[in-house]
Amino acid sequence: MVSTVRVRFAPSPTGYLHVGGARTALYNWLFARHENGVFILRIEDTDVERSTDESVTTILESLRWLGLDWDEGPEVGGPAGPYRQAERLTLYQEHARKLLDDGKAYYCTCTPEELEARRKAALAAGTSPRYDGRCRKRGNDLSGVGGRGAAVRLLVRDEGSIEIADLVHGPIRFERADLDDFILLRSDGMPTYNFAVVIDDVLMDITHVIRGDDHISNTPRQIMLYEAMGLPVPHFAHIPMILGSDRSRLSKRHGATSVLAYQQMGYLPEAVVNYLVRLGWSHGDQEIFSQEELVKHFSIEKVGKTPAVFDPVKLEWLNGQYIKHVAPDRLTALLRPLWEAAGVSQQELFQRDEAWLHRVACLFQERARTVTELASSSRFVFDGKIERDKAVALKVLSSEAKARLRALLPEIEALPTFTAATLESLFRMRAEALGLKLVDLAQPFRVGLSGKSVSPPIFPIMELMGWEAARRRVEEVLEEEG
RNA sequence: GUCCCCAUCGUCUAGCCGGCCCAGGACGCGGCCCUUUCAAGGCUGAAACACGGGUUCGAAUCCCGUUGGGGACGCCA
């Protein structure tokens, strides 16, 4: 029988979900969906000092925004729950007890201060800061310790080696002699990361552990735990990290790293997903993938070994590609709050009908790279005060240009119908009659209407604005001095 | 200091069980076309196998070393 693939994403709720974590989640999710397996979300909140509920909320929200739904985990439950480690403490303690009784682990009464001092001394002496095993003799016997707290350490034999059969890196070998007796349970009874992970992965029947490269050095310790408990080891896949432009670990100083920050900046979740998946994975020459295509083509074997530099410029390009194809109703829904933020009054947004808003969105969507940018560039089509670029006005609105604008107004007024088509043919005729290019008439008009030198084609814009509003705008610049 | 990982254009990458590669695609950058501006689109240009040794008739592709980068060495995760 072929057992079902079960993978997990296990963030610690000590902050927002950053793009590195998001990609790890994405790879796990894609692997699960591709294999028809189960994607589990587990919250690793054993660090009570730093874990917060707000952080849990943000992480769930980020995953949902990206479209990464989990089959088991917080809010959806599942047979292997609870899915927050803080609610699983007795499980860890039971397993630690068993390891203690089997002689696989022992109590350690060294204090954190003592350990820190020894670690520093070792580093200063240029030797490896490993725990020296001085409490091994104590075994599971806590007598004579008094009120002093005791941590539990795994007993690690010194001989032999451990090999990780890594799905992306191939075999990776560690010598046991380089590893030390690490802590399983802290003196306050809380499990450490390495211990909780293994217990949970066992209890949740995880078949594939897909996580960042930075966990490679934890893996041999975790394998030793599986061995100590006599349990089968899952498959491991360590995916390369995401770096900043200077090739160091990606952090805030490299720009936005929070997934939700990209939502706020007007990025589409499918663009972010598409960008992240290509950081370390590829499928021939294809750059743009639908979610279905990703699920169909994704494979862990095709994940590269090289760390990738996060490139916001390419993300922006991809977002632009996606924006071009967003359906008008969805785009308009995204735009409403952003238009408002850009200064369009609530009242006007309410008065305009949906079809009109769609037409505005469609006119601008081809040339916007973010939804936010789309909102601000299309703002002038609405009624109300607009920003005028002084330098542009000075350059484009010469006295001849203004004279031409003035001459055109009554002709437009006389048009039987006020549409993009009739406007365009009028402008073309006038340009030809004057021995000018269309641009010579259109550009002053554009500046008059929008205040800027760039915009979508002005004729459909004028149709959308309506003659009254358009004329008011143009008269505004005609009345100015100069 | 010890251990581990990685190494193709500025960036993401294809190729990597050897010849099809004087290395392909994408972003960005330059040019041209299209064009009412700007985008978009089309065409096009510059741009890389880190270095040194092997193995081989033949290496980006295999092996070793060097260098460079990254990660880990917590009663953090």
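## A predicted protein model with RNA strand B

In helix H14 (residues 371-378), the buried residues, meaning those under 20% relative accessible area with a 1.4 Å probe and protein chains only, are Val371, Leu374, Ala375 and Ser378. Because these residues cover an arc of only 100° around the axis, taken from the directions from the helix axis to the C-beta atoms, they lie on the same side of H14. What covers them includes H10, helix H11 (328-341) and helix H13 (354-365), where contact means heavy atoms within 4.5 Å. Helices (H or I, at least four residues) and strands (E, at least two) are DSSP runs, numbered from the N terminus.

This is a predicted model, in which local features need pLDDT of at least 70 and side-chain atom pairs count only at pLDDT 80 or more, while totals for chains, interfaces and linings use all residues. Residues are numbered from 1 along each chain as its sequence is written, chains are lettered from A and ligands numbered from 1 in the order in which they are written, and side-chain values use heavy atoms, with hydrogens and water left out.

RNA strand B is surrounded by 66 residues, a residue being near the strand if one of its heavy atoms lies within 4 Å of it, and the closest are Gly126, Arg186, Gly280, Arg367 and Ser455. Of the atoms of RNA strand B that come within 4 Å of the protein, 74% belong to sugar and phosphate. The table lists three short distances between the protein and RNA strand B.

| Residue and atom | Atom of RNA strand B | Distance |
|---|---|---|
| Cys110, backbone N or O | base nitrogen | 2.4 Å |
| Val309, polar backbone atom | phosphate oxygen | 2.8 Å |
| Arg367, polar side-chain atom | base nitrogen | 2.3 Å |

Among the elements that give two or more residues to the surface near RNA strand B are helix H4 (112-124), strand S6 (170-175), strand S11 (308-309) and helix H10 (312-323). The largest share of that surface comes from H18, with 5 residues. By class, the surface has 25 nonpolar residues (Ala, Val, Leu, Ile, Met, Phe, Trp, Tyr, Cys and Pro), 23 charged residues (Asp, Glu, Lys and Arg) and 18 polar residues (the others, Gly among them).

Strand S4 (residues 151-154) is covered on both faces, with Ala151 and Arg153 buried on one side and Val152 and Leu154 buried on the other. Two strands pair if DSSP finds at least two bridges between them, and S4 pairs with strand S3 (residues 105-108) in the antiparallel sense over 4 bridges, while 2 bridges join S4 to strand S7 (residues 183-185), also antiparallel. Arg153 takes part in both pairings, since its bridge partner is Tyr106 in S3 and Ile183 in S7.

Gln222, in helix H6 (residues 219-228), is buried, with a relative accessible area of 1%. Its side chain makes a polar contact (a pair of N or O atoms within 3.5 Å, one able to donate a hydrogen and the other to accept it; residues adjacent in sequence count only if both atoms are side-chain atoms) with the side chain of Arg211, at 3.1 Å. Not counting residues up to four places away in sequence, Gln222 touches residues including Tyr193, Asn194 and Phe236.

Most residues other than glycine have a negative phi. Asn36, however, has a positive phi near 60°; Asn36 is found in the loop between helix H1 (19-34) and strand S2 (38-41) and counts as exposed (over 50% relative accessible area) at 68%.
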